[in-house]
Amino acid sequence: MNQIKILFLVAFFGFCLQISATEPFIITEKNPENIVLKEKSVNLSIYTNSGIDNGILRAVKNLQTDFQKVTGEQPNILNQISGMNAPLIIIGTVGTQSIIDDLIRQKKIDGKALTGKREKYIIQNISNPFPGVSEAIVIAGSDKRGTIYGIYEVSQQIGVSPWHYWADVPVEKKENLYFKKGIYTDGEPAVEYRGIFLNDEEPSLGGWARATFGGINSKFYEKVFELLLRSKANYLWPAMWGKAFYDDDALSGPLANEMGIIMGTSHHEPMAQAQADWHRYIKKNNLPNVWDYSKNAKVLQEFWKAGIVRSKNWEKLVTVGMRGDGDEAMGEGINISLLENIVKDQRKIIQNVTGKNPNKTPQVWALYKEVQDYYDKGMRVPDDVILLFCDDNWGNVRKLPDLSKPLHKGGYGMYYHFDYVGGPRNSKWINISPIQRVWEQMNLSYEHGVDKVWVVNVGDLKPMEFPISFFLEMAWNPKQFNSKNLLEYTEKWSAQQFGEKHSKEIARMINLYAKYNRRVTPETLDSKTFSLQNYNEFETV
């Protein structure tokens, strides 16, 4: 079928053909089948309804800035339209009484492609959206995050990397930009909660954040949240070495909710409270520092209640259960019935605070280290609670659902590690995770039905740019990767960050770097690792 016939069918059937947004739809060469976004004498405008969600408006303003970085000129943001010939991008969310709902009623957008979908966006061209406006490009979302992801997809395609801030990725200047006519979407994400865990963040990330922002505070997290959204992620376990996300800066919780980030707490920090929150709470109220439910239940219940009260109006995934204070096991011979009662009481707190059935508040139970032993010995949680399996801290998945047996109705997640501090040896600061290994383990997880939560410990964030990108892209669509196209992905990622000219050589270096690091991590390397006496081992390595 030739190109003319394809274009005719797209025009005739309207909404039937949707092209993957991973295909380039922004180009720099003009032809009759493209729409002008930017030319030397032409300025772009962006239209949104007045009163648009603040999180979406943040992304719109970032798109405005991104266009300025690329083209040298900043688009106007408009809330009203009269006839205009200039290029126009229309942005909105279905079901919010927005321009998108109007366009659906006019049958210019397929409402069925968005209504009832999760975090989906569509980017397409339409004709005559307003009187006197002949053509426009639409970014339409099924919900808040869907719209935001669509906005940042356009940012990526014009040439702004998600790592533009964190890795100082330069922006290539482009005088002309054109949109390839069509309907583009990445569909819905395969994994519901997709995110990272900032951990072991001292002294590197913490020291830098204090020098740059005055601390790991809302100004710092604004940059982290933006990175997550540009990477199509939605979930964060915040830094926790002596830190309390909600308490350290009262603006952090509202900011996460505004920007569209679902907050969690790590595997050993239940009920939206950080470990540091506990120590501050007991000191402030002059209470016994006894992190033991069998001895201090009333104090713990009040502490947990405070966590749910503080965060009750914000989107979150609540960690339930209990480990020992300081990310340690609770002790020998743990009473499983006690732990089940802890979860039962935590859910009563959630119900009392929210006034709703606890199954209306998303919850997760992490089977980390010894907690998996409790599960293996018969401990169970209610059906709606997500079971979060874990690797062995070194990238080897420990346990997966048995597909031959009835599955847990709440679904399964995976807590994975690029960074780890603990026995037998640490692994931090240096990337030791080849994406081939990450793909193999996470593909195995996905094939076993682990699709509710994917969260990865990234330590200080900065040294893990490449595996973070891969992990989050795989979480959106695991089936896009296979054992044969991982080097191709590395080359594309390298081209995005460093340009096309040296991308293949850079990809080769990135690939070998993690492979060699994995053979023996820097923390375990010493003068005895490779023999100086036998088999030319040191010289060969």
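Partly exposed describes a residue whose relative accessible area falls between the buried limit of under 20% and the exposed limit of over 50%. By that rule Arg310 counts as partly exposed, because its relative accessibility is 26%. The model is a predicted one. It holds 30 salt bridges, and a search of the whole structure finds 41 aromatic pairs. Helix 14 (residues 465-476) is largely enclosed by the rest of the structure.

**Salt bridges**

- Side chains of opposite charge can pair when their charged atoms come close.
- Arg310 forms a salt bridge with Asp277, with 3.1 Å between the closest N and O atoms.
- This pair ties together parts that are 33 residues apart in sequence, because Arg310 lies in helix 10 (residues 293-311) and Asp277 in helix 9 (residues 275-285).
- Asp277 has a relative accessibility of 6%, so it counts as buried. Its partner Arg310 is partly exposed.
- Glu202 pairs with Lys243 in another salt bridge, and their closest N and O atoms are 2.8 Å apart.
- The Glu202 and Lys243 pair links distant parts of the chain, 41 residues apart. Glu202 sits in the loop between strand 11 (193-198) and helix 5 (204-213). Lys243 sits in the loop between strand 12 (235-237) and helix 7 (245-248).
- Glu202 counts as buried at 18% relative accessibility. Lys243 is buried too, with a relative accessible area of 9%.
- Lys462 forms a salt bridge with Glu465, the closest N and O atoms lying 2.7 Å apart.
- Lys462 is partly exposed, at 34% relative accessible area. Glu465 is buried, at 13%.
- Glu119, Arg145, Arg194 and Glu315 are joined into one network by salt bridges that share partners.

**Helix 14**

- The helix has 12 residues. From its first C-alpha to its last it reaches 17 Å, close to the 16 Å expected at 1.5 Å a residue.
- Of the 12 residues, 11 are buried, so helix 14 is largely enclosed by the rest of the structure.
- The buried residues of helix 14 include Glu465, Phe466, Ile468, Phe470, Phe471 and Trp476.

**Aromatic pairs around Phe471**

- Among the 41 aromatic pairs is one formed by Tyr416 and Phe471. Their ring centres are 6.5 Å apart and their planes meet at 25°, so the pair is stacked.
- Tyr416 lies in strand 17 (residues 412-417) and Phe471 in helix 14, so this pair ties together parts that are 55 residues apart in sequence.
- Tyr416 counts as buried at 1% relative accessibility. Phe471 counts as buried at 1% as well.
- Trp454 and Phe471 form a tilted aromatic pair, at 5.7 Å centre to centre with 50° between the planes.
- That pair links distant parts of the chain, 17 residues apart, with Trp454 in strand 18 (residues 450-459) and Phe471 in helix 14.
- Trp454 and Phe471 are both buried.

**Ring cluster and charges over rings**

- Ring pairs link Tyr165, Trp166, Trp208, Phe213, Phe220, Tyr221, Phe225, Phe245, Tyr246 and Trp314 into a cluster.
- Tyr165 belongs to that cluster, and Lys223 lies over the face of its ring, at 4.6 Å from the ring centre.
- Arg380 lies over the face of Tyr375, at 4.1 Å from the ring centre.

Key:
Residues numbered from 1 in each chain as written. Predicted model: local features only at pLDDT ≥ 70, side-chain atom pairs only at ≥ 80, totals over all residues. Heavy atoms only, no water. Salt bridge = Lys/Arg side-chain N within 4 Å of Asp/Glu carboxyl O. Helix = DSSP H or I, 4+ residues; strand = E, 2+ residues; numbered from the N terminus. Buried < 20%, exposed > 50% of the residue type's maximum accessible area, 1.4 Å probe, protein only. Expected span 1.5 Å × (residues − 1). Phe/Tyr/Trp six-rings, centres within 6.5 Å; stacked < 30°, edge-to-face > 60°. Lys NZ or Arg CZ within 6 Å of the ring centre and 35° of its normal.
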